[in-house]
Structures are given as C-alpha cells and as structure tokens.
Amino acid sequence: MPIGIPIWMLALSLLAGLASATLLYFRNKKQHYGKALTIILFALRTLMVGLVVLLLFNPLIRQKFSSVETPTLVLAHDNSASIALCKDSAYYKKEYLAQFGQFRNELNAGFQVDEYVFGEEMRDFNNLDFSDQLTDLSSVLKSLDRRYYKRNVGAVLLFSDGIYNRGFEPELVAENFPFPIHTVVLGDTVAYPDLAIRDVHYNKVVSLGATFPVRVTVAARDLARRKAQLTLKSGGRVVEKRDVEIPSNRFSKEIDFMLDADKKGVMPIDIEISGIDEEEQLLNNVRHVYVEVLDQKDKLLCVAASPHPDLSALRSVLNDNYEVDFCFGKEPLPDFGQYDLVILHQVPCAKTDFAALQAQFDKNAKLPVLFVVGNDTDRDLLNKLQKVFELRSGATNTLMDVKAHLNTAFSTFTFDAKADQLIAKYPPLALPHLEINALQSHDDLLLQEVMGIKSGLPLLSFANDKRKTAFLFGTNIWRWRLYEYYQNKNHDVFDEMFSKSLKYLLLSANDGSAIYAKETYYSNEPVVITAELRNPNNELVTEPEMTVQIVNKLTGETYDYTFSKREHDYQLNAGLLPEGLYQYKVEAQMGERKISVNGTFSVVAIGIEAQQLTADIDRMRNLARLTNGNCYTARELQQLSADLHNDSRITTVEHHESRFEDLIHSKWIFFVLLALATVEWLLRKMFGSY
C-alpha cells in the first residue's frame, strides 16, 4: 500500500512527536527510568503524537483494490406479433416455446444470464406470447449498450425475425456495439407470394377547398405478370380505381391520387388492393387513414438573399397547411402584418434593404421569426434586429463544417430522443467562423460539433424576447433531408424537427401554455398528453387546474379528463382510445387569464406487424457480422449452447484499481494508536509511574 504523503507533512508530524516526548521524558526531572526504558517510552510517545498530528492534516494514501467480475450473458427475445403471424405460427406457439424453455434452463445452469423481452419496449423477461404490435430493434441495442456500459458481458443473444417498424436501422447502432451479438433468426424465412400496401403518405390536416395528394406505395413479391386493382374510397364512396400491373417478382410502385377537400370536418379514406389467390396473408392489403379539413391557414413569409435549396426543404415540411410567400434580394418587402411567421434565410445581408426590414420589425414587434444564419448574413445588422445573441466574426474568415448533436436537456417542446443516432450522422452544415455570445436565456434543441468536438454552442435554438424567435446556425439543411431518405426511405425526423419548431413559433407567445401530444397514436398504446403553464414571469407553475375535452370526430363521443399535476408540468394518460380522428381542447384559468388550446391527433388501428412477415435473415446476419458474433436458426439452439461454452471470450475479468482515500478512514490507524498508547501506559504502570 504506497503512501503518498508529502515529506513536509511527515517532518512536521515527527517534530511534534519528538517535542512532546522530549518534554515528557527528558525535560521532566520527576520521571526516573532506566536508559533503555526511557528510549522505549520516548519512541512510543513520539510515534503516537506524531501519528495524531499527521491525522490532523487529513492526508491521503493510495490504495489498490482488486475485484473479480464473472461474465454475463444477455438474452433479448422478440415478442412481436409478426413471429406468430407467419406460416409456422403453430410451431412457434408450442414446440418452439418448449425448446426455448429447455435452452434457457441449460443456459442459466452454466452462466449468469440477464433476460429481457422486447417489442414496443424492452422489459424484464416474463413470458412469451408474441403480442407486441411494434418492434424497435435499434432502441433495444441502445438500451443494452447503456445498461451494460463497462460491464463484463460475454455475449448478447438476440432472438428476432429482424423486422422492425419503429426506430432506425439497428445496423447503425451495431457498428459501435461493444459486445458480440449472436443472432437467432425466428419466423418464416421463406418468401411467399404477397401483395401489400406498404405505406401511405398524406397530409393529416388540409384546408377547405384544397386539392391534396395521397401517395400509396404498393409492393408485390413473386407475383410477376399478374394484375391487381387498387381502390381508394372516401366516406365509403369509391373515388378512384387503378389497375396495377406487376412486371417482376420484386415490385414496388408509388401511385398518386388527388382528392378534393370539399367539406369541412373529418375525411375517412380507405385504401384496398385486391387479393390474389396465392397470397398467404391478406391483413396488409387494406389501410385506413383520416384527414381533417379546416377552413383556415397560417401564412408564412420567407425572405432570402437568393433562392436556396434550404427553402425547398422547409417548404416540403409546410405542405398544404400553410400559405407561403417568398421575397428575394432587393424585392420590395410586403407588409409583415399579414403573416403569422417570417423566415429570414441569411438575412439581413448586403442584397436586402435593411431599413425597410427594420421598419417592418418595429411595426410588428410580436411577430415570430426564424433566423437562418449563413455566410451571407451581415452579423452587425443581425445584432440590431434581435437581442438574444451577439454575433462577432471569428478569428478566420472561413466556413466551418458544423455537425449537430441532440441536446437531451431541451425542454421547449418534446422531441423524440431516439433520433439522436440519426441526427449525429447528418451531414455537416456550412457556418462562417463566429463568436456567439448569449445575451438572454435560450433553449437549444441542437448543439454544435466541430471536428469531432462537441461544444455547448447552439445550432438550433429558441428564445422568447418579446417575440418568439428561433436561430438556425448554418445552411444546407437540405442535405439532412436527403441523407435521411437515403438511410430510412423517409423524412420523419427532419419533418418532425422543423414542423414542431414552426408550430412552436406559431403558438401565441403570451398564452403561457405548451401542449405536447403526438400526431398519431397506435390503438394499442395509451394516449399520453403533457402540458406546461407559465406565469407572466415565464416561470413554470402547476397551481391552476387543467382540464381537457377529447372528442372523437367520427362518432361524436366525448371524453372529459383532468390533468395530473407533476413537479413542473401536467400529464394526462387517457388510456386506449378507439381508432379515429380526435380533437382536444385544453383549458385552464390562470388568475384573470383563461388558457385555451385546441389540437388534433389520430388513433390508427394496429396492423403494422402484419405488413411484413418474412424474416429478414440478411439483417440478422449483418448484426452478427458487425459485432463478431454468429447467426443461428431457431432449430440450432443446441449448437448455440455448445458454442457459448467453448467461447474463449466469455471469461472472468479481474479489475485492478488504485485510488486515494483519507488516511483517517483506515481502520488499522485506530488499532495502531490504541496499541501505542496501551503499551506506553502498561510500561509506565509496571515501573511505578502511575
């Protein structure tokens, strides 16, 4: 046990001990001991007093600790409905469960095993009933990575069909996964002829009188040279039928329909593709969606130095729910008073009339604004338009590649934290070298990362300085949208990020409330809504009662609830609701001010697990390959068990650790002091001093 005590501390303690012993045994004429006894007593007193003085300095000593950690196997089993819906459903409901139970028993007899099941969420293993209606493989791997950080995990055993319908590609997580994954492929790996509606893209809210698109993705497998018919109905009435010719065994096609929103209210849309005799599964041939038709639109103005692809990316998020006007360069500015939100893309700049812009800002002091800061932005003029950030030119006059990472402490509105893996892989934005100084409080959704170093500087930030403002530091967000489509064949994260950002800005800056509800809930998940109330000082309060009325716009059925109060906000769990489109109205009374917020959400029937029933064996093989694991079938459990017992990587790990601790906390110090004092006392007692 090395002692890391400074020399001066030891010297002072020794001098104190010598002084005490000298006064007692050499300067005290009343004590008469023999020479040998005096030396012994002198040494005992010197050590005892010196040690006590040393403890008064509270010194630290370095101690070494060793521990042995036995290996843990982590078993995660898919409990999703797609496994039991395959053609081998009888095998998985009976014979497989018996085989898997025997495998578990053997595994637990030879190893320390932590067991989980997953589907809609990962939870401790209880039983397998294949009842979960969603599968999120990426979330499972992220949870295991976080839960077993720096633990001695011998291997992860992943039992699944490789099909996911929530989250992101699990391969993105597996690339840096710290443990080997042995995958066991469940379900039916044989591809049967199948015709399906893979996806439906539509606007959940449209304006009265608008013509809006509904894009249906039809897929077929092993049905070459066959024909099918796609039917679209609205309100039970057939709107249009399309013949679909299937030229090859691997077929996918997007088919667009145009519908007229000619009646205010809910427009139910039914989409069906005719079945073919060879199909094994017909559950994926029908989809139901709901569109709400409103007779109002928010108006937005985009002012830009020049046309830019970023504006097209933002325009795609706005869809037909907003009226959007554009103003470029030196074009005369329209009256801002007729708009609900202004987007300034690299404005103010040398190409725009700053005096006119300043006049419009002064005239419309509460109009919310989104600033997109880029290379053309005039920093000095921007500082005059707002008082949230002070921008100064950096040390170099160059453009930086700035990547984004999600701020987990963001609180302005809810955002799916599961998106952080994808956001971290977004291409970098172009931003001039800037010094960004915050003048007021702000809430950052995204933070900057430059050359692999994460900083606390904002990338996408929100503030409320008399007017609601948002700041996007960097241009080329169009690359984000393109990258996400390349990775996931959708724009869900990009669209959610910017649609919620714009909706937040469009909410009245003075209503003191924020309601967080999802746009779509599945019929097997509870409808959870959270809310915040702020007083005039912008402080979160929970004293007022908050109520909500939820109305099923198809049936007219009404549900009345009262929010539960939490420490800083409110929460409502309305439980499971039937399929349909719902409107909610949240109300609260804050002093003399009445808070009232309306919104909509839809509940869609679960059938998503039936959309794909052929096990993705390639994905399971890739997950194993990326983590140096092996891939097995459900009938190779004995081989998996044998390989685990012979795997040299599954071994006990001995940890050695050195750390400094307070010397006074060491138990042996007490016994040393007690022994020194006892021996000295006994010697003095025996030779007549006491």
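Biologist: How many residues stand between β30 and β31 in their hairpin, and which residue in the turn has a positive phi?

Modeller: The hairpin of β30 and β31 has 5 residues between its strands, and Gly 556 in the turn has a positive phi of about 85°. This is a predicted model with residues numbered from 1 along each chain as its sequence is written, and local features need pLDDT of at least 70, side-chain atom pairs count only at pLDDT 80 or more, while totals for chains, interfaces and linings use all residues. Side-chain values use heavy atoms, with hydrogens and water left out.

Biologist: Why are β30 and β31 called paired strands?

Modeller: Strands are DSSP runs of E with at least two residues, and helices are runs of H or I with at least four, numbered from the N terminus. Two strands pair if DSSP finds at least two bridges between them; β30 (residues 546–552) and β31 (residues 558–562) have 5 bridges, in the antiparallel sense, so they count as a pair. Within this pairing, Gln 549 has Asp 560 of β31 as its bridge partner.

Biologist: Why are β7 and β12 called edge strands of their sheet?

Modeller: The sheet in question is open, with 3 strands in the order β7-β9-β12 and antiparallel pairing. Because β7 (194–202) and β12 (250–260) each have a single partner strand, one side of each is left without a neighbour in the sheet. Between β7 and β9 (residues 211–221), which run antiparallel, there are 8 bridges, and Ile 197 stands opposite Val 218 in β9.

Biologist: What is the pairing in the sheet with the order β4-β3-β2-β5-β6-β36, and which strands stand at its edges?

Modeller: That open sheet of 6 strands has mixed pairing, and its edges are β4 (122–124) and β36 (631–633), since each has a single partner strand and so has one side without a neighbour in the sheet. One parallel pair in it joins β2 (residues 72–78) to β3 (residues 112–118) through 7 bridges, with Leu 73 opposite Val 113 in β3.

Biologist: Why is Cys 327 not counted in a disulfide?

Modeller: A disulfide here is a pair of cysteine sulfur atoms within 2.5 Å, and the structure holds 0 disulfides. For Cys 327 the nearest cysteine sulfur, that of Cys 302, is 10 Å away, so the pair does not meet the limit. The sulfur of Cys 349 has its closest cysteine sulfur in Cys 327, at 11 Å, which is too far for a bond.

Biologist: Are these two cysteines, Cys 327 and Cys 349, buried or exposed?

Modeller: Buried means under 20% relative accessible area, exposed over 50%, and partly exposed in between, with a 1.4 Å probe and protein chains only. Cys 327, at 3% relative accessibility, therefore counts as buried, and Cys 349, at 3%, also counts as buried.

Biologist: Which of these words fits Ile 61, and which fits Glu 636?

Modeller: Ile 61, placed in β1 (residues 60–69), has a relative accessible area of 0% and is therefore buried. Glu 636, in the loop between β36 and α15 (637–645), counts as partly exposed because its relative accessibility is 34%.

Biologist: What is notable about phi in Asn 58 and Met 451?

Modeller: Asn 58 has a phi near 50°, a positive value in a residue other than glycine, and Met 451, which is not a glycine, has a positive phi of about 55°. Asn 58 lies in the loop between α2 (35–56) and β1 and is partly exposed at 39%, whereas Met 451 lies in the loop between β23 (443–450) and β24 and is exposed at 80%.

Biologist: Which peptide bond is cis, with omega near 10°?

Modeller: The bond from Val 347 to Pro 348 is cis, and Pro 348 is placed in the loop between β17 (341–345) and α9 (354–363).

Biologist: How many cavities does the structure hold, and which residues line the largest cavity?

Modeller: There is 1 cavity of 30 Å³ or more, a cavity being a set of points on a 1 Å grid over the protein atoms alone where a 1.4 Å probe fits but cannot get out, with lining residues having an atom within 4 Å of a point. Its volume is about 40 Å³, volume being the space filled by probe spheres set on points joined across faces, edges and corners. Leu 370, Leu 460, Phe 462, Ala 470, Phe 498, Ser 501, Leu 502 and Leu 505 form the lining, to which α13 gives the most, with 4 residues.

Conventions
On a 1 Å grid over the protein atoms alone, a cavity is a set of points where a 1.4 Å probe fits but cannot get out, and a pocket is an open set with protein on both sides within 12 Å along at least five of seven lines; lining residues have an atom within 4 Å of a point.
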